[in-house]
Protein chains: 2
Amino acid sequence: MDAKKAREMIRKGNWEGPTCGIAPGFTQANLVILPKDLAYDFMLFAFRNPKPCPILEVTDPGDPEPKNVAPGADLRTDLPKYRIYKKGELYAEVKDIRDFWREDFVAFLLGCSFTFEWALIENGIPVRHIEEGKNVPMYITNIQTKPAGIFKGKMVVSMRPIPKDKVVRAIQVTSRFPSVHGAPVHIGDPEAIGIRSLDKPDFGDPVEVKKDEIPVFWACGVTPQAVALESKPEIMITHSPGHMFITDLRDEELGVI
Amino acid sequence: MDAKKAREMIRKGNWEGPTCGIAPGFTQANLVILPKDLAYDFMLFAFRNPKPCPILEVTDPGDPEPKNVAPGADLRTDLPKYRIYKKGELYAEVKDIRDFWREDFVAFLLGCSFTFEWALIENGIPVRHIEEGKNVPMYITNIQTKPAGIFKGKMVVSMRPIPKDKVVRAIQVTSRFPSVHGAPVHIGDPEAIGIRSLDKPDFGDPVEVKKDEIPVFWACGVTPQAVALESKPEIMITHSPGHMFITDLRDEELGVI
């Protein structure tokens with residue numbers, strides 16, 4: 001199935017589950033929708049923090065069509081599930097946001113780790129949480145993001161245990177994809193970035209780290225959502241976890257060289 | 001001389017000429033200053049057109065210090081020469097913009113081709129306009145930029161003749177530097193992108209294209225200035241051509257892998 005067909009299926013209500021594994025090879029994206037008066041600060045925050053906040057598309061105010069990465073798509077209907085937050089609190093989880101859409105809404109599509117995990121696997125590097133059928137473990141670190149306007153906070157990272165002899169290759173492979181978090185932000189000692197216990201992630205599930213493996217940490221797309229919610233915007237809409245937007249981009253197109 | 005010393009020399013009025021060759025190895029940047037109410041559209045335009053508009057820094061409104069790329073610097077005094085435009089017309093050329101500074105000004109620093117020309121030369125690829133002691137030839141193309149708010153227009157490119165057997169290496173070398181225009185946008189036939197005669201550049205000087213050479217075209221930093229002026233903003237301040245801002249970044253730090 002290609003991306004367009006997948007979006008049609010979702011739009012018609014024929015798919016309500018997570019998007020992992022749907023339209024393989026096509027880039028999936030995180031969604032953050034904010035009113036225009038917050039969009040400048042959010043875009044600046046993303047620009048200053050490209051590793052946790054890699055922007056793939058910013059729509060024109062009021063326009064739900066992501067013209068560059070999926071012409072013809074509609075961001076109000078083409079994701080299986082959305083979360084609506086009011087003043088930082090979860091207000092509703094819905095399958096369609098047409099009733100909530102406003103003329104001053106700006107939608108941000110942000111790169112997601114599915115893309116670089118595919119690249120790791122293609123390169124023969126195991127991805128533990130996929131092997132274990134779990135969600136990736138995520139941790140709040142002591143790494144400060146660079147603030148922009150009202151947005152500020154700590155960086156959230158995801159962790160993947162990498163065999164010692166594959167760490168260099170894992171860095172090379174993910175470096176090619178700066179628009180989906182890129183190279184790791186830290187290798188090894190979790191405490192050096194403020195993580196007390198790998199067994200107790202702040203989000204997602206713990207995974208096994210084997211004897212010959214080193215924990216490697218990548219900037220995580222949860223960061224911009226967490227930072228935006230912290231600022232308690234009047235309204236903010238996101239995808240539901242795992243229920244992403246499927247773009248027409250192919251993963252390999254995001255490789256910088 | 002390092003970047004900090006170079007900026008001090010300029011700030012004290014001890015250097016008023018072009019910055020090419022000063023503080024070698026340190027990244028130089030184009031400057032565009034706009035009022036905050038235009039900054040969102042300009043940043044979105046740059047995001048949608050990263051090849052002609054590679055952003056290195058966006059300052060907070062009213063703050064003349066580019067905290068990330070040159071902490072301690074002052075963008076009002078640390079460039080040798082500035083141009084002030086009102087409603088799209090050149091109003092003044094000055095050595096210091098402290099008298100013109102406003103609390104709603106946002107400064108954009110954009111990557112400049114000096115960085116990738118250095119990389120080409122280091123890789124044994126000749127750069128003709130440097131050899132000939134001229135300004136790089138620049139052409140207005142028929143390539144439409146992606147519009148954002150009030151900003152729209154054609155892409156301006158610079159041209160460098162590259163020996164046939166070095167074109168692939170030139171692409172590899174410049175691909176490493178997406179934040180200073182990156183890979184070429186076109187190779188060969190000028191008419192294919194709307195350029196009638198290489199002998200008549202729209203900006204800069206014509207250079208010789210030898211028999212075994214192919215004209216190669218890169219997106220040019222003149223594009224965002226031209227597009228911004230076209231929109232006739234009430235006020236806009238830029239560096240004077242060739243009189244750039246010298247950052248603390250080292251050119252090699254901009255390499256993506």
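Buried area is the accessible area, taken with a 1.4 Å probe, that two parts lose on being put together, summed over both. The exercises below apply this and related terms to a predicted model.

**Exercise 1. Determine how much area chain B and chain A bury between them, and describe the side of chain B that touches chain A.**

Solution. Step one is the area itself: chain B and chain A bury about 1800 Å² between them, and 65% of this lies on carbon and sulfur atoms. Step two counts the participants, and here the contact takes 20 residues from chain B and 20 residues from chain A. Step three turns to the polar terms: six residue pairs are in polar contact across the interface, both residues being at pLDDT 80 or more, and the count of salt bridges between the two chains is two. One of these salt bridges joins Asp60(A) to Arg48(B), with the closest N and O atoms 3.1 Å apart. Step four assigns the chain B side to its elements: helix 2 (36-48) and strand 2 (55-58) of chain B each give two or more residues to it, and helix 2 of chain B provides the largest share, seven residues. By residue class, the chain B side that touches chain A consists of eleven nonpolar, three polar and six charged residues.

**Exercise 2. Describe how domain 1 and domain 2 of chain A meet.**

Solution. Begin with the bounds: domain 1 of chain A covers 3-111 + 232-254, whereas domain 2 covers 114-223. The C-alpha centres of the two domains of chain A lie 23 Å apart, and 22 residues of domain 1 are in contact with 25 residues of domain 2. Next, take the area, which is about 2000 Å² buried between the two domains of chain A, with 64% of it on carbon and sulfur atoms. On the domain 1 side, Phe45(A), Lys51(A) and Pro52(A) lose the most area to domain 2 of chain A, and together they account for 30% of what that side buries.

Then consider the polar terms: the interface between these domains of chain A has one salt bridge and eight residue pairs in polar contact, both residues being at pLDDT 80 or more. As for the elements involved, strand 1 (26-35) and helix 2 (36-48) of chain A each supply at least two residues of the domain 1 side that touches domain 2, and the largest share, six residues, comes from helix 2 of chain A. This domain 1 side of chain A divides into twelve nonpolar, five polar and five charged residues.

**Exercise 3. Compare the salt bridge of Arg11(A) and Asp78(A) with that of Arg128(A) and Glu213(A), giving the setting of each pair.**

Solution. The general point comes first: side chains of opposite charge can pair when their charged atoms come close. For the first pair, the closest N and O atoms of Arg11(A) and Asp78(A) are 2.7 Å apart. Arg11(A) lies in helix 1 (residues 3-11) of chain A and Asp78(A) in the loop between strand 2 (55-58) and strand 3 of chain A, so the pair ties together parts that are 67 residues apart in sequence. To judge exposure, recall that buried means under 20% relative accessible area; Asp78(A), at 0%, therefore counts as buried, while Arg11(A) is partly exposed at 40%.

For the second pair, Arg128(A) and Glu213(A) have their closest N and O atoms 2.6 Å apart. Because Arg128(A) lies in helix 4 (residues 128-131) of chain A and Glu213(A) in strand 9 (residues 213-219) of chain A, this salt bridge ties together parts that are 85 residues apart in sequence. Both Arg128(A) and Glu213(A) are buried.

**Exercise 4. Identify the buried residues of helix 6 of chain A and the elements against which they pack.**

Solution. Helix 6 of chain A comprises residues 222-230, and its buried residues are Thr223(A), Pro224(A), Gln225(A), Val227(A), Ala228(A) and Leu229(A). The elements against which these buried residues pack are strand 1, helix 2, strand 3 (82-86), strand 5 (105-111), strand 7 (154-163) and strand 10 (235-239) of chain A. Finally, follow the chain just beyond helix 6 of chain A, where Lys232(A) takes a positive phi of about 50°.

Definitions and conventions: Residues numbered from 1 in each chain as written. Chains lettered and ligands numbered in written order. Predicted model: local features only at pLDDT ≥ 70, side-chain atom pairs only at ≥ 80, totals over all residues. Heavy atoms only, no water. Domains from an automatic or database assignment. Contact = heavy atoms within 4.5 Å. Salt bridge = Lys/Arg side-chain N within 4 Å of Asp/Glu carboxyl O. Polar contact = N/O pair within 3.5 Å; in protein donor to acceptor, adjacent residues only side chain to side chain. Helix = DSSP H or I, 4+ residues; strand = E, 2+ residues; numbered from the N terminus. Nonpolar A, V, L, I, M, F, W, Y, C, P; charged D, E, K, R; others polar. Buried < 20%, exposed > 50% of the residue type's maximum accessible area, 1.4 Å probe, protein only.
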